[in-house]
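Thank you all for coming; I would like to walk you through a few local features and then the core. Please have the viewer open as we go.

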Amino acid sequence: MSDPRVLSRRHFLKKSSLVPLSSILGGFAAAEEAAARSAEQTVNVALIGYGQWGREIADTLLRIEEANISAIVDTYDVMLTRAERSLPEAARHSDYRVVLDDPEISTVIIATPTHVHRQIAVDALEAGKHVYVEAPMAASIEDARAMAVAAQNASDQIFQVGLLSRSHPNYRSVFQFIRSGALGKATMARAQWHAKTSWRRTSPNREREMEQNWRLDPELSTGLIGEVGVHQLDPAMWFLNERPSSVTGFGQIMLWNDGRDMPDTIQVIFGFPSGVHLTYDATPTSSFDGAYDLFYGRDSTIMFRDNKAWMFKEVDAPMLGWEVYARKDNFYKETGIALVADATKLDAQNIDPTEDDPNMETPLFYALREFFDNHAFGPYPPAAGYQEGFNTAVVTIKAHEAIMNNSRIELDESDFEI
Amino acid sequence: MVTVRLARMAMACRFELILYGEDAVRLRAAGEAALDEIERIEARLTIYDAASDVSRINARAASEDVRVSSELFDLLRTAKRLHRQTNGTFDLTISPLMRAWGFFRNTGHMPDPEQLEDARALTGMDLVNLQESDRSVRFLREGVMLDFGAIGKGYAIDEAVALLREAGVDRALLHGGTSTVYALGSPPEEEAWKVAIPRPDARDEPLALVDLRDESLSVSAVWGKSFEAGGRTYGHVLDPRSGEPVHGAVLSAVTAANATESDAISTALLVAAGTDVSDEHIHEDSEPIGIWPFGLEEGMRALIVVPDQNKAFFRVVEFGLTALESARQILVQPPSTSSQ
């Protein structure tokens, strides 16, 4: 029997191609794309970790035709009972090693608590599997490095980290836009995540409850900056095209004083070599104004909210031309120009580019779509591979350290060496 | 015994949850997971987000088989059963009708006859084909649209309650926008949760008090969006069979073992009560014999408020739910004093 990892088009597109192929494929007509994919063989996937996010992944995989969830792994029987209801055809296991031994399974998706990513990911890579691991990649630098090294050594296998913005068409389009100078000179960045939730989980089984609340244990988890902030820090590092050289953090328990040691309110300042600073705050004590990211510059400010982007132009900024026709949304006294990805493509399909794209999918879909495209046409370096995953993991781990000590930490190039 | 109260905005209304138990921290965590589940379901079912499962079905199911999750497939199967059970008065495909009548994101207007005819041709659960083998959905006509508005809230409440039970919660009350409520167990020292149904003519006063224990209650009413034309008021509750707004019945209430059923059947009952209520149902002692009408099943309790034959006053028709004596008297006043 053939090695399930060897996929049909592997050889006509070699690893030398550094351009993510899915961005080229974006130009294909939908029908051609579908035909190309249906010609591909089914990919048998094991989903390891079937909590809230694991279920999202499972539901999203339904939209990816060639993905077949052949096994679900979780150490908690309640989750396996849920899996039985949702995916009756999938095998259920409590030990992930069973799926690593299964030659029919070429691919694993890891959605377990962050501190157990390392063991599973490294074992899976060593067993020859393709790996998609949720972000943050790890909660300790030692773990992150071990995973990055294993991924580096398995260059014929795909290793993708769930840094979702990297695969999202709106983020990609704004990335191009910023690179072409839309901000003028970038001067600063700010992001926030505000919610009202105790961030705690419960179970009738006390021991299980302890395990479920790993996010509240500063020894196991990097808390808010890692589990939430990573998805806002990563696009900032990507857009600014640099890695922080310092991080200053503050963290305290302001509301959920229920026995946890993890701060429920954090404020962090990331300094970048260019002089730009990103200020970030996250709290589950107040939902006011939700979550967004802002990139400020001389000519304009760009805001991300709910994976959509708007540009707020300075009155003295040069005219771009197209902004006259673009959709505008009002935010109190400011007028945001909607930045719609693929506006010309929408126009070609007779879809009004000033409306939201009716074909828009969730951020998780785009990330998984890219992962499975890579199975068919790769392996090429994913938009969020081990290097990107490692970089953001290092920064969130250092930030967590700064938050726990209310201190400033300097970062240098050697911190990012794998 | 401690009490924890939580609230969350979802599905364009306020969900509220009251929990009783021994440990406030754990009750809150369980309650938050339940409310998270409601948000998750909203994200799947909403037609206001192009990335939702339902938007995706609506965009594609006319031209291809759309694979859906087993949860959504089960819900669609339930919806088909409820459609049959309610004689077509509960229907997830009324979006084109709502648009024709201008009730989509608007307060409504008289429809263009041609547009109404087209919309009627796109209405009916028989136009939604469910394929068991690969759990896929297919529309039999271009333009069919699913809208889970009449069942989504109830379904979300049921799923949330399942999570509460899983977390060991045994005393809780969860409602969505006060129109659908599920009572888990009972409050301490009480036999049941006591829930009031508001009077259609004076919403601060109770029409009936209902005891609930491990049971749901849904109330549907014609208040809300409406417009006037030719001296007649047209409300936003449409009869899927005729394509016309429900005329006459002003309120229905149903209890059921789960909120999915009560949510769907209360809507269906309001539709049926406006058109299908015959004299025999209106008699004071209208206790049904044998088969319950309008999709009601054994174990369910219901009431409807309908105009009397000569339209001079409203009357409560009871199927196991009893109106308060005080409300009953006022409701039989002429509409000049009991109008909306």
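Helices here are DSSP runs of H or I with at least four residues, strands are runs of E with at least two, and both are numbered from the N terminus. What we have is a predicted model, in which local features need pLDDT of at least 70 and side-chain atom pairs count only at pLDDT 80 or more, while totals for chains, interfaces and linings use all residues. Residues are numbered from 1 along each chain as its sequence is written, and chains are lettered from A and ligands numbered from 1 in the order in which they are written.

Let me begin with helix α11 of chain A, residues 230-240, just after which A:N241 takes a positive phi of about 60°. In this helix 9 of the 11 residues are buried, meaning that 20 or more other C-beta atoms, placed from the backbone, lie within 10 Å of a residue's own. Among the buried ones are A:W238 and A:F239, and their cover includes α8, α10 and α14 as well as β7, β10 and β11 of chain A.

Turning to chain B, an open sheet of 3 strands runs in the order β3-β5-β4 with antiparallel pairing, where pairing requires at least two DSSP bridges between two strands. Strands β3 (66-67) and β4 (128-131) of chain B each have a single partner, so one side of each is left without a neighbour in the sheet. Between β4(B) and β5(B) there are 4 bridges, and B:V128 stands opposite B:F139.

Key. A residue is buried if 20 or more other C-beta atoms lie within 10 Å of its own, exposed if 12 or fewer, and partly exposed in between; C-beta atoms are placed from the backbone. Two residues are in contact if their C-beta atoms, placed from the backbone, lie within 7 Å.
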